[in-house]
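Hi,

Here is the structure I promised to pass on. Have a look at it first, and then read my notes below.

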Amino acid sequence: MTWKPKASLGAERISFYLPIFGKFNLSVDSLEVFAKEGIITPEFNFYASRLDAKTTERVRAALQKRFEVSPTAVYRMTKMPMGEDFLQQLGKAMYTHPGSNGLYAIRSALILAAADETEGLTMINFLRHFPTSEMQLNSNLILSLIKEFGTFLSYNDTTVEAIAQQAQSEITSQQQFNFAQMPDLKEPGDYAVDQKTISFEINQVRQTNLGFSANYGLKTDVYLPENLSKPAPLIVLSHGFTSDRSHFNYLAKHLASHGYIVLVPEHIGSNSQFKEDFLQGKLSIAVSPIEFFNRPLDIRYLLNELENHEEFQGLINWSQVGVLGHSFGGNTALVVSGAPLNSERIKQACREKIPTLNVSELLQCRASYLPPGSYDLRDPRINAVIAVNPVTSYILGPESMSQIAIPTMLLGGSDDIVTPFIEEQAHPFLWLTTDNKYLGVMVGGTHNSSSSPEGVAAMPDFLKGVRPDLAREYLKAMTLAFFEVHLRDKTDYQAYLSSAYVQHLSHEDIPLHMVTSLTAEQLELAYGKTPPSPPIPESLVALSPSRPKNVLTEIENTQTLKMAMRSDAAPFGYIDGQKDLWTGYCDDFADSLGQYLAQELNLTSAIKIVKLPSNLENRFELVEDELVHFECGPNTIRANTENTIFSDLFFASGSRFLVRDRNQIDLNNNLEGLQTGVLQETTTVEFIQETYPESELVYFGGEEGRTKGVTAVTNGNIDAFVSDTILLSGEIDQQNLLRENYQLIPDNPLTCDFYGLILPQNDPQWRNAVNSFLRTKQQRNVFEKWFGDYLPQALSDTDYCLNRRK
């Protein structure tokens, strides 16, 4: 046979070292012969002889697998923070020479292989395009991955077998029914279904496919049974990451035909349109950490909307509400059902970036950047939950899963490589303490086995799995049985919600098992030794993460700079109303600081910038809790802060009254009866109370506080609004108001405010680095861009403040 010529630059061999034994080599030619012809060469036999027959066939299948993906998509996916994190982890195990992360070599080889129209992206072609003649492997990390691979193979197999045995045990103790003579739950119900789409606006900061927005539209497909005679139960379906409302359309229609009102919202910050816009270069940011709580809030806002929606009055039985989610949506469903986001576990688990085969951890670790706070997003209206292939291990953990108190079903596929069954469904099932819990597994099922026919058709074969038609039938029947029992309280359907019925459903092409009980001891006994990953992880108290010595060390190790900025403080940080984007001085400042630090630290790749929203209430806490390396905004430098410190000043301003007519205010008097707007939680409140105690204060709060205050002045609802001069000017510009229609008084500022960045205390090296950057030309360019128009006023205020008499 004829072989395709090798790439002029490509790996000819793979090498690795083992202690004592020294260096080992394996030629790519030997792997290629094995992949294409099944022939084990003498060289490869040294390694193949140590594998059993089943594993050998799996290795060959992996070497043959062709991934249909364009080089442009590979480039963008590997430039995405989650993709680059994955390559960095992989680069620790696969490199061109010791001590050098192989990220760039791996990315180059992936792109070139994907661009090869003849061979495409396969493991062999990837090796052929590796940019050096030898690919070196970190034997310690490879051995660690091989150990983890055991989780996907032998431990996975024995766990499924343990579940099958437990299911059989439950069957023998259950009452026997002739399911062939009973109604078929896979068949449509008696109701015709009307489908429509509703949409409403939500005033909440959200990352969308257009960027960060101060508000967004929540589109929801509604599947409504026709001719309902009484209020019906309600089910919300939550789609997965890079999916959309159509993902489970067949399931929504099926449940609606049985008399359920079904809602399918579009999670705009993590849907398929978001993915497409990213791959087309329209977005330069990955999924935002705040998506982890925006998604549950979507469901809460949706239920609130329907409670007040005239069209749905009297149609919904609000004591019968359930939720079902897939993948990221499975996490959403569990969170809204009572499992709070586990900030502490996710931070500890993601602190050490170790190569792993569980790719869902890349998504979960995005949540490690969440601001501090309570993430108990449970909605008490939810009475039952189903999570299909959910993400659970780090983001929830046993501490959160144990808090779910409603009936819960977890469903997974034994061949799921996206949210692996062991870590994300089997072990988490053990952590549930609710009285009614169910674990189902499709043997041979993948992450997307039960997706809609349209969705499955567009997927590569390795994600489709076997017999997705059967998987969809399984899901229809099990879902209906679960909700009939736990929402409608139909005791006669309890027979369907049993291991015996699941055995009746099961087909040999993709066997299905379900259990209501399982223990860690059963899994350990089936495996025969200590499992590769513990069924019950260590408690948070037992975990003792190693903290980086300082911020610069952390940035150097992770190549990530974390910052927080406001979305209500133009021009520092705000939502651009025309472009609907999160922008401002702080946004550009962080990007420019990242470039500066990459150069100062001699990094070979760019520093990723993680940007989180801050507000008046949490700006110091974000830095104290090490969620960010600095907070940027109009923060007045002061000495009485705990655990934080300020950088050198980068801007100066002062408070003034914003009025329509300066003659209506005599600042020499006590302003008795003058309605004066102020922002809550600011030092301005104290100043006005002390200086003008007779003034009638009107408080404005939240992210729109300043906007509402300026609007109140415009509409004549208050006499004046007091705030920082630059922020008032910025807000007037944001609202497209004419500056000449407003006056800022007095001529000299009421207070003197010198702004600095909020930094962690006791890290002088980091503070020195930031202060050094503040003196660079790069920073001056950013300053001029955003503050050029305000500079004359700022200089005048600074001069007054520095020379005024105390």
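Before the first finding, a word on angles: each helix axis is a line fitted to C-alpha atoms over the stretch in contact, and the angle between two N-to-C directions can run from 0 to 180 degrees. Please also keep in mind that this is a predicted model.

With that settled, start with helix α22 (residues 551-558) and helix α28 (residues 764-774), which pack at an angle of about 75° with their axes 7 Å apart. Angles of 65 to 115 degrees count as roughly perpendicular, so that is the label for α22 and α28. On the α22 side the contact is made by Val551, Leu552 and Ile555, and on the α28 side by Gln765, Trp766 and Ala769. Sorted by class, that contact has five nonpolar residues, one polar and no charged ones.

Next, the big-picture item: an open sheet of nine strands. If you want to trace it, the order is β5-β8-β10-β9-β11-β12-β13-β14-β15, with mixed pairing. At the edges sit β5 (193-202) and β15 (512-515), each of them paired on one side only. From one strand to the next, the twist averages 20°.

Zooming in on one pair there, strand β8 (residues 216-225) and strand β10 (residues 261-265) run antiparallel and are joined by four bridges. Tyr223 has Val262 of β10 as its bridge partner. Two helices are worth finding here as well. Helix α16 (residues 421-431) packs on the sheet and touches β13 (408-413), β14 (437-442) and β15, with its direction at about 155° to that of β14. Helix α11 (residues 291-308) lies across β5, β8, β9 (232-238), β10 and β11 (316-326), and runs at about 110° to β5.

Further along the chain, strand β25 (residues 675-679) pairs with strand β26 (residues 696-700) in the parallel sense, over five bridges. Opposite Leu679 you will find Phe700 in β26. Together with helix α25 (residues 683-691), β25 and β26 make a right-handed β-α-β unit.

Finally, one residue to click on: Val74, in helix α4 (residues 71-79). Is Val74 buried or exposed? Its relative accessible area is 5%, so Val74 is buried. Leaving out residues up to four places away in sequence, Val74 touches Val69, Leu110, Ile111 and Ala114. Val74 and Ser108 are 34 residues apart in sequence, and their C-alpha atoms are 9.7 Å apart in space.

Cheers

How values were computed. Residues are numbered from 1 along each chain as its sequence is written. This is a predicted model: local features need pLDDT of at least 70, side-chain atom pairs count only at pLDDT 80 or more; totals for chains, interfaces and linings use all residues. Side-chain values use heavy atoms; hydrogens and water are left out. Two strands pair if DSSP finds at least two bridges between them. A crossover is right-handed if, with the strands pointing away from the viewer, the path from the first strand over the helix to the second runs clockwise. Angles under 35 degrees count as roughly parallel, over 145 as roughly antiparallel, 65 to 115 as roughly perpendicular and the rest as oblique. Contact means heavy atoms within 4.5 Å. Ala, Val, Leu, Ile, Met, Phe, Trp, Tyr, Cys and Pro count as nonpolar, Asp, Glu, Lys and Arg as charged, and the others, Gly among them, as polar. Buried means under 20% relative accessible area, exposed over 50%, partly exposed in between (1.4 Å probe, protein chains only).
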